[in-house]
Amino acid sequence: MFAFIIRRIIQAIFVMLIISLVGFMIQHNIGDPIRDLVGERVTPAEREVIRDQLGLNDPFYTQYFRFVIKACKGDLGLSFFYKKPALEVIASKAPATIELVIVTALILIVVSIPAGIYAAIYPKSWFSRIVMAASTVGVAIPVFLTAIALIYLFAVELNWLPSYGRGETVNLWGWESGFFTWDGLKHLVLPSASLSSIMLPLFIRLVRAEMMEVLETEYIKFAWAKGLHRQRVWYVHAFKNTLLPVITVFGVQLGILFAFTILTETVFNWHGMGFMFLEAVERSDTSLLVAYLVVVGVIFVVVNTVVDIVYGFVNPMVRIAGTK
Amino acid sequence: MKAWNRFKSSYLLYSFKRDPLAILSFSVLSVLVVICILAPVLTPYNTYDTATFDIMDAETPPAWMEDGSKSFILGTDIQGRDLLSTMIYGLRVSLLIGVGAVLLQSFVGILVGLFSGYLGGKLDSFLMRITDIQFSIPYLIVAIFTSAIFKLAFGVGRYAELAVPLLIIIIGVSHWPIYARTVRASVLGEKNKEYVEAARVIGISRWQIMFRHVLPNTLTPVLVISTIQVAEAVMSEAALSFLGLGMPVTKPSLGSLIRSGFEYIFSGSWWITLFPGVLLVIFILVILLLGDWLRDVLNPKLYKG
C-alpha cells in the first residue's frame, strides 16, 4: 500500500511538471513580459536592458527552472490586465466558481440518488420510463442550450429568476459569498440547475445500474427470505452497497464539473474562474492564462490522486493491477 | 455482388430491420447528411457571399409570424442572412469538423494502441502512462486550453481563417486516448491467438502481422466508439464555438449561430437560438442512438441495462 501511494504521488508530480512545462512554453513563446511591464513607449535599447535584468536572455532550462521554483512558492507572475499577482486574481474569482460547484453537487445528490433508486426498484413504472427516456435525450443536449432555455423560460418569459451575475454577496473573511442573501441564492438557481443537467443523466443511470446489480445478488435474496421489511432491504442492505462506485465516480466527475463551469459561467455572466479565463484569452493576458492552467492542473491532479489512493484502500485490485 | 449478398443475410441488417428506433435515427441522419452534401444546390441563399444578404433584413421573424417574410422561411439572423440556409451551412461545417476530428483521433489512437499492445515492454508502459495522464484530464478542458493557446499564437484573424483545420486538430488531439485504450485492449486479446502464431511461424514480418492480421480484427470496437465520438466531436465543436474559440460568425457553425443568437434573446429574437439548437440536438441524438444500437448488436456482452 505504501509503495502504491508513493507511486501515485510520483506520477502526480510528474504530471504537474509536464503541465508547468506547457504553461512555461506558452508564456515563453506567446506573451511579451516587457510589454506587460512598460507598455509601448519605451525604446528598443531600454527594452533590451530590462530583458537582461529580468533574465529573459538566459537559456531555456534556466528560465524554466526559475519558473517552477517561483510557482512552488505561489508566485505565478503578474496579470497584465489587473496589474496584480495572477494567483491573487484567481483567488478572488474562486469563491464564485466553488459555490456554483457546491450547489450543483448538492442538486446532483438530491435528485439522482432517489430517481436512480426508484428507477431500479420499479423499472416498468411510467415514472422510470420517463426518467430513462429523459436521460437519453439529456445526454444529447449541450449545457449551453439548457442554460439558454432556462434563461428564456424563467428570466425572459416568466421573469421569476435573475439571469446573470451573482447578485448581492456578503464578504465573510475575504470570501465573497452568495449563500447568505436571498438575492444571492436566487442568482444561484439557474446556473447550478443547468450545470447539474450535464451530469444528471449519467448519475441517474449509474445509480440505477448499480442498484439493479445489487438487487440480483445472493445476500439480497437472503434478506428477502429472512422476511425483512421492504424498506430495510432496499435502503439499508442494497443501497449501502451501491455507494462505493457512486462515490468514486462522483469524485472524478467533480473535476469535470470544473471544466463545464467555463460554459455555464459564460452564459450566466457569472464572474468566476471560467469567465476570467475567457476574458484572459480575449485580452491576451498570458500570465493569467498560464496561472489558470497551473491552478486547474493542480486541482485535477490532487483530486485524481486522492480518489485513486482512497480507492486503493478500499479495493485491493486497483493497487495490485498497477504493479508490473 | 458477393459482399452485398453477405450483407443481406447478415445479423447486422436483420437486427436493424427489427429495430424501429434504429431505422428512424438512421433515416434522419441520412437525410441530414444528404442535405449537408447538397447544401449549395438546396439552399436558397449562399450565406458565405456577403453580396446576397442585406443588414436591413436582420432579425426578421419566421414566415408564419406577423412581420415575417415569405422569402425567409425560418426568419433571418442578426446579419440579415436567411436562417435556414445558414443553419444548413452550419451543420455542414459541424459535420465536416466532427468527421475530420474522428478520423484524426482514430488514426493517432489506433497507431498508439496497436504499437503499445503488440510490441509491449517499455514502449507500452510509456505510451500507456501518457494515455492515462491525458485521460485523467477531461477532454473539454484540453480542447478549450488548446484552442485558447492556438488563438493567442495565431492571432484572431489568422485563427478565424484557419478555423476548420485547427478545430479538427484541437478536437482530434483532445479525444484520442479512448481509441488507444480500446485498440490496445483488443490487440492484447488477439495477440496470442493461433492465427497470429501461425503467421509468425511461417515468417511473416512483424509489421505485416500487425497491420494486415491483427488490426482488422480489432476494428469492431473502433467502429462502435467512432459513431459516439462523432457526436462528442460535434458537441465539443459547438461548445468551443459558443465560447468564441471556434468558428467565426462569418462562417458560422451551429455553435457560433447559437452564440450570436443568444446575445439577442433578451430582445425577443428567440428563433436565431431555437432552430439551430434544435437541429444540433436532433443531429447529436440520432448519432448517439445509432451508436448505442450498434454497440448492442456488435457486442452483446457489453449490454447492461
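How are H3(B) and H5(B) oriented to each other? They are roughly perpendicular (angles of 65 to 115 degrees count as such, under 35 as roughly parallel, over 145 as roughly antiparallel and the rest as oblique). The axes of helix H3 (residues 20-37) of chain B and helix H5 (residues 83-119) of chain B come within 9 Å and cross at roughly 105 degrees. Axes are lines fitted to C-alpha atoms, for helices over the stretch in contact, and angles run from 0 to 180 degrees between N-to-C directions. Helices (H or I, at least four residues) and strands (E, at least two) are DSSP runs, numbered from the N terminus.

The model is predicted: local features need pLDDT of at least 70, side-chain atom pairs count only at pLDDT 80 or more, and totals for chains, interfaces and linings use all residues. Residues are numbered from 1 along each chain as its sequence is written, while chains are lettered from A and ligands numbered from 1 in the order in which they are written.

The contact of H3(B) with H5(B) can be listed by residue. From H3(B) come B:Leu32, B:Val33, B:Ile35 and B:Cys36, which meet B:Ile88, B:Leu91, B:Arg92 and B:Leu95 of H5(B). Two residues are in contact if their C-beta atoms, placed from the backbone, lie within 7 Å. Seven of the residues in the contact of H3(B) with H5(B) are nonpolar, none is polar and one is charged. Here Ala, Val, Leu, Ile, Met, Phe, Trp, Tyr, Cys and Pro count as nonpolar, Asp, Glu, Lys and Arg as charged, and the others, Gly among them, as polar.

Chain A has an average pLDDT (the predictor's confidence in each residue, from 0 to 100) of 80. A score of at least 70 is reached by 93% of its residues. In chain A, confidence peaks in helix H5 (residues 86-121), at a mean of 87. It is lowest in helix H13 (residues 316-321) of chain A, at 61. The secondary structure of chain A consists of 13 helices and two strands. Along the principal axes, the C-alpha atoms of chain A fill a box of roughly 90 × 60 × 35 Å. Of the 324 residues in chain A, 34% are buried. A residue is buried if 20 or more other C-beta atoms lie within 10 Å of its own, exposed if 12 or fewer, and partly exposed in between, with C-beta atoms placed from the backbone. Among contacts in chain A between residues at least 6 apart in sequence, 70% join residues at least 24 apart.

A second helix pair lies in chain A. H10(A) and helix H12 (residues 286-314) of chain A pack at about 175 degrees, with axes 9 Å apart. H10(A) and H12(A) are therefore roughly antiparallel. H10(A) contributes residues including A:Leu244, A:Thr248 and A:Phe258, and H12(A) contributes residues including A:Val296, A:Phe300 and A:Tyr311. The contact of H10(A) with H12(A) divides into 11 nonpolar, four polar and no charged residues.

Helix H9 (residues 218-225) of chain A lies largely in the open, because zero of its eight residues are buried. Just after H9(A), A:Gly227 has a positive phi of about 85 degrees. A:Asn269 sits in the loop between helix H10 (230-268) and helix H11 (273-282) of chain A. Its phi is near 55 degrees, a positive value in a residue other than glycine. A:Asn269 counts as exposed, with 12 C-beta neighbours inside 10 Å.

Between the chains, 32 residues of chain B are in contact with 31 residues of chain A. H7(B) gives the largest share of the chain B side, nine residues. That side divides into 26 nonpolar, four polar and two charged residues.

The largest nonpolar core (buried Ala, Val, Leu, Ile, Met, Phe, Trp, Tyr and Cys residues joined through C-beta atoms within 7 Å) has 140 residues. Among the members that touch the most others are A:Phe144, A:Phe260, B:Ile144 and B:Ala239. H5(B) supplies the largest share of this core, 15 residues. Beyond its neighbours within four places in sequence, A:Phe144 is in contact with A:Leu263, A:Val267, B:Ala239, B:Phe242 and B:Ile258.

B:Asp77 lies in the loop between helix H4 (39-42) and H5 of chain B. B:Asp77 is buried, with 30 other C-beta atoms within 10 Å.
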